[in-house]
Amino acid sequence: EQLPLPVAGAEANTCGGFLVRSVAERFEALEAFMDDHGVGLRAQFSGLCEDEVTGSRRQRYGRLILRCDPDATATARPTPGQAGHGHMLDLIFVKGQRPDPPHSCDDVALEWRT
């Protein structure tokens, strides 16, 4: 997870940077799937997350969906996204699985059409 670097005082907003934070540290499962939109692979990850605002800790889950799409274009260049989230072109948050705010311990699910 790519987050904006916190900068305070006179130096605020003078240097654009990002902090990369782990979403999950354990690989749990890899499964093939088929649904109304095609076929692909779904990977499940988990890990303990500490909320930077509240200090509370919880189990956090991450999913990566690799969906077969013959029309997809491959890109490997990350670009800054809205609300402080970094993203790669063609790699999108699954509806309802985007952390809000970015520093939270919400579960995350990403889909990459390959």
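1. A friendly start with the rings: the count here comes to 1 aromatic pair. Please keep in mind while reading that this is a predicted model. If you want to describe the pair yourself, a pair of aromatic rings is characterised by the distance of the centres and the angle of the planes.

2. Next, a contact between a charge and a ring. The ring of Phe33 has the charged end of Arg42 sitting over it, and the distance to the ring centre is 4.5 Å.

3. On to the salt bridges, of which the structure holds 7. One of them joins the side chains of Glu25 and Arg26, with an N to O distance of 3.8 Å. How exposed are the two partners? Glu25 counts as exposed because its relative accessibility is 51%, and the cut-off for exposed is over 50%. Arg26, at 41% relative accessibility, is partly exposed, so this residue falls in the class between buried and exposed.

4. Another bridge pairs Glu50 with Arg57, whose closest N and O atoms are 3.7 Å apart. Here Arg57 is the exposed partner, with a relative accessible area of 54%, while Glu50 is partly exposed at 45%. A salt bridge needs the nitrogen and the oxygen within 4 Å, so the 3.7 Å contact of Arg57 and Glu50 qualifies.

5. The bridge between Arg113 and Glu111 is worth a look too: their closest N and O atoms are 3.1 Å apart. Is Glu111 buried or exposed? Glu111 is buried, because its relative accessible area is 10% and buried means under 20%. Arg113 has a relative accessible area of 34% and is therefore partly exposed.

6. Which residues are linked with Glu111 and Arg113 in a network of salt bridges? The other members are Asp35 and Arg67. When you open the structure, you could display these four together: Asp35, Arg67, Glu111 and Arg113.

7. Finally, the nonpolar side of things. Phe27, Leu30 and Leu41 make a nonpolar surface patch of about 310 Å². Within this patch, Leu30 has its place in strand β3, which spans residues 26-35. Leu30 counts as exposed because its relative accessibility is 54%. Patch residues need over 30% relative accessible area, so the 54% of Leu30 satisfies that part of the rule.

Technical notes:
Residues numbered from 1 in each chain as written. Predicted model: local features only at pLDDT ≥ 70, side-chain atom pairs only at ≥ 80, totals over all residues. Heavy atoms only, no water. Phe/Tyr/Trp six-rings, centres within 6.5 Å; stacked < 30°, edge-to-face > 60°. Lys NZ or Arg CZ within 6 Å of the ring centre and 35° of its normal. Buried < 20%, exposed > 50% of the residue type's maximum accessible area, 1.4 Å probe, protein only. Patch = residues over 30% accessible without salt bridge, like charges linked within 9 Å, V, L, I, M, F, W, Y side chains within 5 Å. Areas by Shrake-Rupley, 256 points an atom, 1.4 Å probe, with all protein chains shown as cover. Helix = DSSP H or I, 4+ residues; strand = E, 2+ residues; numbered from the N terminus.
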